[in-house]
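Work through the exercises below with the model open. Each task is followed by a worked solution.

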Amino acid sequence: MLSRAAAIRRGAAAALSTVSEKPETGLYGFDVLRTAKGFRRFVDDAIQRSDELVARVALLPSSPEIVRTMDEISNTVCSVIDSAELCRNTHPDREFVEEADKASMRIYEHLQYLNTNTTLYNAILKAEGESVLLTEEARRAATTLRIDFEKGGIHLPKDKLENANQLNLEIAQLGRKFNENVMNKPGFVDVYPASRIPRNMQRLFKSVSRFNTSKQMNTEKQKGLRIVTESGNLSSALRWISDEEVRKQVYIVGNCEPHENIGVLNELIHARDELAKIMGCKSYAEFAIRPNMAASADVVMSFLEDLSNIVKHKAEEEFKIIQNFKRRTCNEKSANLEPWDEDYFIGMMKSSVYDLDTSVIAKYFPLSQCLKGLNVLVESLFGATFHQIPTRDGESWHPDVIKLCLHHPDEGDLGFMYLDLYSRKGKHPGCAHFAVQGGRRLSDSNYQLPIIALVCNFSGACGITARLNHGDVETLFHEFGHALHSLLSRTEYQHFSGTRVALDVAETPSNLFEYYAWDYRVLKTFALDETTGDAIPEKLVKALNASRNMFPATELQRQIFYSIMDLTLFGEQASKPMDTISTVADLRRKHTSWKYAEGTHWHTRFTHLITYGAGYYSYLYARCFATTIWQEVCQEDPLSRSAGSAIRDKFLRFGGSKDPSSLLKDFAGDAIIRNSGSGIIPNICSLCKEIGL
């Protein structure tokens, strides 16, 4: 591990410039987090400080002071919530994880107290009603804070408010339990003999053995491999293993765990529905969507069903092409496509049609070069650069972690980003952007800089020399879009910092920056052969793009299905509890061309049901917005300073401080959105153009 960490620091130093000194501090630079038990003091301090600020608000100062003090309360509490969340998902020390878990629950309980504090609510009503707030952002902050209070039920009678508080706590605990089950109970398949797994994949899986008795009654030790069906292994196995029986076993086991989440999800659906009813909504979907641009679950469902109908014919054509390919490949005229065939045969078709060799592609994407690619983006677009800076003793949580500072020659430091890029046991299984500290205005001359962590689960060789496949590059750029949203926003209030925006637009920057991972003009600046230094050939990038565009309707149909499933699970509930397994199976049959594998319950490992409950549709909204922005603003010259100025000054800078529909129209023109009933939906023309509909 130490040699790997050293390789990281050496490689990153070659990609990014460095500076000095290591005084001792605590986790993420918070002195109080020098030990795991420091989380207890962290919570105590946050509660004490927020109580002091509540007392200040109780004196009813001026409206601007009320809003600013309320934002400081939010900043104090969010520092604990965000730090605990990052620690829970990434720290290798179990004691830190457990203390962060306890801290998370304690601060959440305190947040419930704050959200139902009538002194704060009455003060924000005063501030909102006086019309003396001078800036649009201050007025928006007052309105948003008031809405947040009312989402917590503060306006309800006492008995209903107590019930809402209990339900919110129960919902938080169930979400935590769901995610922990996904992380800790993935299931596994033992494959014998080991030769059934491609040789170049065998290093990914644990060796196992058993004793076999042959026909001659000889007992022999047989070597095998254990595939733990967490998301990364599941994806690799379904993509690369040619043995259909192994793929089937892996698919079924991987989509039947964690079994415990069937019950957890049922409880969550019930609790969210109860909460929505108390709040006067017919469903949790209605409650969750009401504050967003879409405004109504009916508006979203209508949008999704229309899109499903538009894409259906093309998706069915693509399905037939894949099925015919399987029949030719397997020399079986009546072979049918199974759920465990999708990734394997689509991948095989793309590779064979466009002669794509993943090992050839990966040699252009050593991680050190990809980090240079991030620098190319910020330097070309925004005139800024990343510098690696050493973490102080106690600041980092793992030797693999590196810390970067985003610096602008005229504006100074803009923010800080931790990179934790490698897969390891006990770590958050996917890729994600975590806030540590939001940006906010402290005074005319002083700004609290944002601090974030970009967490991925790349596997590969030692440290920074690891090669990424192109899918990993796209993922890195996606999460980097979120990171830039946080690092480049310059809001007065941390309540609006970075990704703290309406859910409808939260994924727009991440989807936009995915386009940069596919554009030859961008890739040629950093995707260099690690041996010769030659840039990635344009012909290869064209082949990658062509393969990406082979089955666009199939991928879009999948995202529509996920969104409709999410909206249905948290939609209006019948008197009899929903059977989520049969509901999801029926939706899959209706909205995709693919079979449902009996007995599986894939949705019980779909953590977006927790983080995006009734909000997964926002990925499709964001994709439509990003496609329009790319075509209208960026595509002509994606690395130009004019494109960068538009991205930063018309979108990223504002975080959640402006009305999202106005923000989008100012950025890419009025046509980017459409009114639909009581809400707003994206214009899908650019998306349809992109995928040939």
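**Exercise 1.** Place His 398 in the fold, and decide whether it is buried or exposed.

*Solution.* Start with the position: His 398 sits in the loop between β5 and β6. The model is predicted, so side-chain atom pairs count only at pLDDT 80 or more. Next, check accessibility. The relative accessible area of His 398 is 9%. The cut-off for buried is under 20%, so His 398 is buried. Last, look for a partner. The His 398 side chain reaches the backbone nitrogen of Asp 400 at 3.0 Å.

**Exercise 2.** Describe how strand β5 is set into the structure, and name the bridge partner of Ile 389 in β6.

*Solution.* Strand β5 covers residues 385-389. Of its 5 residues, 4 are buried, so the rest of the structure largely encloses the strand. Now turn to the pairing. Strand β6 spans residues 402-408 and runs antiparallel to β5, with 5 bridges joining the two. Within β6, Lys 403 is the bridge partner of Ile 389.

**Exercise 3.** Characterise the contact between domain 1 and domain 3.

*Solution.* Set the bounds first. The domain assignment gives domain 1 as 27-155, domain 2 as 186-257 and domain 3 as 361-516. The centres of domain 1 and domain 3, taken over C-alpha atoms, are 24 Å apart. Domain 1 brings 27 residues to the contact and domain 3 brings 28.

Then take the area. About 2,400 Å² is buried between domain 1 and domain 3, and carbon and sulfur atoms give 53% of that.

Now count the polar links. Between these two domains there are 15 residue pairs in polar contact and 2 salt bridges. Asp 82 and Arg 500 meet through their side chains in a salt bridge, at 2.7 Å from N to O. Finally, ask which helices line the domain 1 side. Helices α3 (63-90) and α6 (136-151) each supply at least two residues there. Helix α3 gives the most, with 14 residues.

**Exercise 4.** Compare three salt bridges by where their residues lie along the chain.

*Solution.* The whole structure holds 46 salt bridges. Take three.

- Glu 52 and Arg 49 form a salt bridge at 3.2 Å, N to O. Both lie in helix α2 (residues 38-58), 3 residues apart, which puts about one helical turn between them. Glu 52 is partly exposed at 40%, and Arg 49 is partly exposed at 28%.
- Glu 411 and Arg 648 form a salt bridge whose closest N and O atoms are 2.8 Å apart. This pair links distant parts of the chain, 237 residues apart: Glu 411 is in the loop between β6 and β7, Arg 648 in helix α25. Glu 411 is partly exposed at 41%, whereas Arg 648 is buried at 6%.
- Glu 530 and Arg 467 form a salt bridge at 2.4 Å, N to O. Glu 530 is in the loop between α19 and α20, and Arg 467 is in the loop between β11 and α16, so the pair ties together parts 63 residues apart in sequence.

**Exercise 5.** Where is Cys 456, and what is it in contact with beyond its neighbours within four places in sequence?

*Solution.* Cys 456 belongs to strand β11 (residues 451-458). Its relative accessibility is 0%, so Cys 456 counts as buried. Beyond those sequence neighbours, its contacts include Asp 420, Leu 421, Tyr 422, Cys 431 and Leu 476.

How values were computed: Residues are numbered from 1 along each chain as its sequence is written. This is a predicted model: local features need pLDDT of at least 70, side-chain atom pairs count only at pLDDT 80 or more; totals for chains, interfaces and linings use all residues. Side-chain values use heavy atoms; hydrogens and water are left out. Buried means under 20% relative accessible area, exposed over 50%, partly exposed in between (1.4 Å probe, protein chains only). Two strands pair if DSSP finds at least two bridges between them. Domain bounds come from an automatic or database domain assignment. Contact means heavy atoms within 4.5 Å. Buried area is the accessible area (1.4 Å probe) that two parts lose on being put together, summed over both. A salt bridge is a side-chain nitrogen of Lys or Arg within 4 Å of a carboxyl oxygen of Asp or Glu. A polar contact is a pair of N or O atoms within 3.5 Å; within protein, one must be able to donate a hydrogen and the other to accept it, and residues adjacent in sequence count only if both atoms are side-chain atoms.
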